[in-house]
Amino acid sequence: MKFIDLFAGIGGFRTGFERAGFECVFTSEIDSACQEVYEQNFGEKPFGDITKIEPEFLPDFDILLAGFPCQPFSISGRKLGFEDTRGTLFFNICQIIEQKQPSVVVLENVKHLIHHDKKRTFKVIIESLKNLGYKVSYKILNAKDFGVPQNRERIFIIASKYKIFDFSKLRKKTTPKLRDFLDNEGDFEILDKSEYTLIEQIREQETGLLFAGYRNKGTWRKGVRPNTEHLSRVHRQPNRIYSIDGVHPTIPSQETSGRFFIYIPEQDIVRKLTINECYRLMGFPENFKKHRRLSENYRQVGNSVAIPVIEEIAKSILKQNLLIDEPQTEIVGNLQMLLFS
Ligand SMILES: C[S@@+](CC[C@H](N)C(=O)[O-])C[C@H]1O[C@@H](n2cnc3c(N)ncnc32)[C@H](O)[C@@H]1O
């Protein structure tokens with residue numbers, strides 16, 4: 001039950017798999033601030049650049065985990081094999097798979113990956129894994145279905161050697177409310193009433209978000225770092241305020257000043273979500289050690305994974321017996337029956 005943690009960030013994947021009883025035998029992460037946090041929490045400094053890894057020198061493992069950056073491929077050949085992805089980080093993942101032949105590969109990415117480059121990127125990824133001899137399934141999963149009140153959709157691609165992973169077997173939970181994940185006390189940044197407008201009737205959105213109001217024009221730009229306005233959707237809608245009786249929108253990595261504002265009906269106040277609350281919405285343990293710079297924390301936590309989703313995937317891999325070559329077990333069983341009858 002061993003795994004390797006590639007593009008490890010601050011160890012969201014690792015935490016989920018460890019909770020399910022797996023053991024991490026190798027980690028790679030290029031970013032020094034992430035490496036620092038990883039080392040503080042797991043006691044080992046990740047290997048740096050994945051492109052510098054010689055796959056044959058890796059220890060043996062059963063599962064490869066990777067939340068890899070999405071890059072365009074320039075497909076030259078017609079095969080759609082992983083050779084066509086040369087020069088990308090996905091190519092390095094494939095090289096490791098080819099050399100080490102893990103039983104299961106779990107890849108995670110933004111849901112837009114499906115549509116990236118007129119859907120070609122996704123097609124190449126799936127075909128490459130199939131060409132390496134794997135059975136591939138994928139699904140967009142939302143963190144709010146796994147016990148945390150965050151509307152965070154991510155695509156998961158699971159490739160397995162013996163039996164296809166069945167996403168319908170994942171155990172979902174009822175969506176909790178944001179209010180149950182908040183601190184009751186603290187040094188909260190409360191907005192002045194002149195800074196926002198509440199709408200008359202809170203509007204429930206399909207995603208489970210309860211739209212309560214917006215920050216007034218002129219105030220919402222406060223906290224935007226110069227020249228970063230184009231970076232995320234949050235920069236375009238940072239003025240939206242949601243009620244704590246619903247879920248929270250996706251915590252993005254680009255919002256390094258953490259401009260997430262929530263409405264607390266019983267106190268009739270709007271306040272900023274704290275960084276600790278952000279980590280809680282991702283399922284991190286309360287004692288998780290953070291980076292000393294707040295902006296770094298916002299970047300790291302937004303780049304991470306919702307741990308409860310990962311934990312459920314890990315448990316389901318075990319329950320679905322994906323690490324064992326079942327057909328062979330059956331053949332052995334049949335042979336035994338023949339021999340001993
Ligand atoms: C989307 S984040 C994954 C975060 C991780 N899943 C977590 O839970 O924190 C992708 C990570 O890949 C890392 N990365 C990018 N290029 C890399 C490379 N060449 N070698 C190793 N890591 C790399 C980035 O620094 C980033 O932390």
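In the predicted model, strand β1, which spans residues 2-6, is paired with β2 in the parallel sense, and five bridges connect the two. Within this pairing, L6 is placed opposite S28 of β2. Strands of a sheet pair through backbone hydrogen bonds, in either a parallel or an antiparallel arrangement.

The β1-β2 pair belongs to an open sheet of six strands, whose order is β2-β1-β3-β4-β7-β5 and whose pairing is mixed. Strands β2 (23-28) and β5 (135-142) occupy the edges of this sheet, and because each has a single partner strand, one side of each is left without a neighbour in the sheet. From one strand to the next, the twist averages 20°. Helix α8, formed by residues 307-319, lies across four strands, namely β3 (63-66), β4 (104-110), β5 and β7 (153-160), and its direction makes an angle of about 20° with β7.

A separate set of pairings involves strands β9, β10 and β12. Strand β9 (residues 210-215) and strand β10 (residues 240-243) run antiparallel and are joined by three bridges, with Y214 standing opposite R240 of β10. Strand β10 also pairs with strand β12 (residues 261-264), in this case in the parallel sense and likewise over three bridges; here the bridge partner of I241 is F261 in β12. Strand β10 is therefore engaged with β9 in the antiparallel sense and with β12 in the parallel sense, given that strands of a sheet may pair in either way.

The ligand is surrounded by 20 residues, of which the closest are I10, E29, D49, I50 and S304. Classified by residue type, this shell comprises nine nonpolar, eight polar and three charged residues. Polar contacts with the ligand involve both backbone and side-chain atoms of the protein. On the backbone side, an oxygen atom of the ligand is located 3.0 Å from a polar backbone atom of I10, and an oxygen atom of the ligand is found 3.4 Å from a polar backbone atom of A8. On the side-chain side, a nitrogen atom of the ligand lies 2.8 Å from an N or O atom in the side chain of D49. Of the 600 Å² of accessible area that the ligand has on its own, 86% is covered by the protein.

Conventions:
Residues numbered from 1 in each chain as written. Predicted model: local features only at pLDDT ≥ 70, side-chain atom pairs only at ≥ 80, totals over all residues. Heavy atoms only, no water. Pairing = 2+ DSSP bridges. Axes fitted to C-alpha atoms, helices over the stretch in contact; angles between N-to-C directions. Contact = heavy atoms within 4.5 Å. Near = heavy atom within 4 Å. Polar contact = N/O pair within 3.5 Å; in protein donor to acceptor, adjacent residues only side chain to side chain. Areas by Shrake-Rupley, 256 points an atom, 1.4 Å probe, with all protein chains shown as cover. Nonpolar A, V, L, I, M, F, W, Y, C, P; charged D, E, K, R; others polar.
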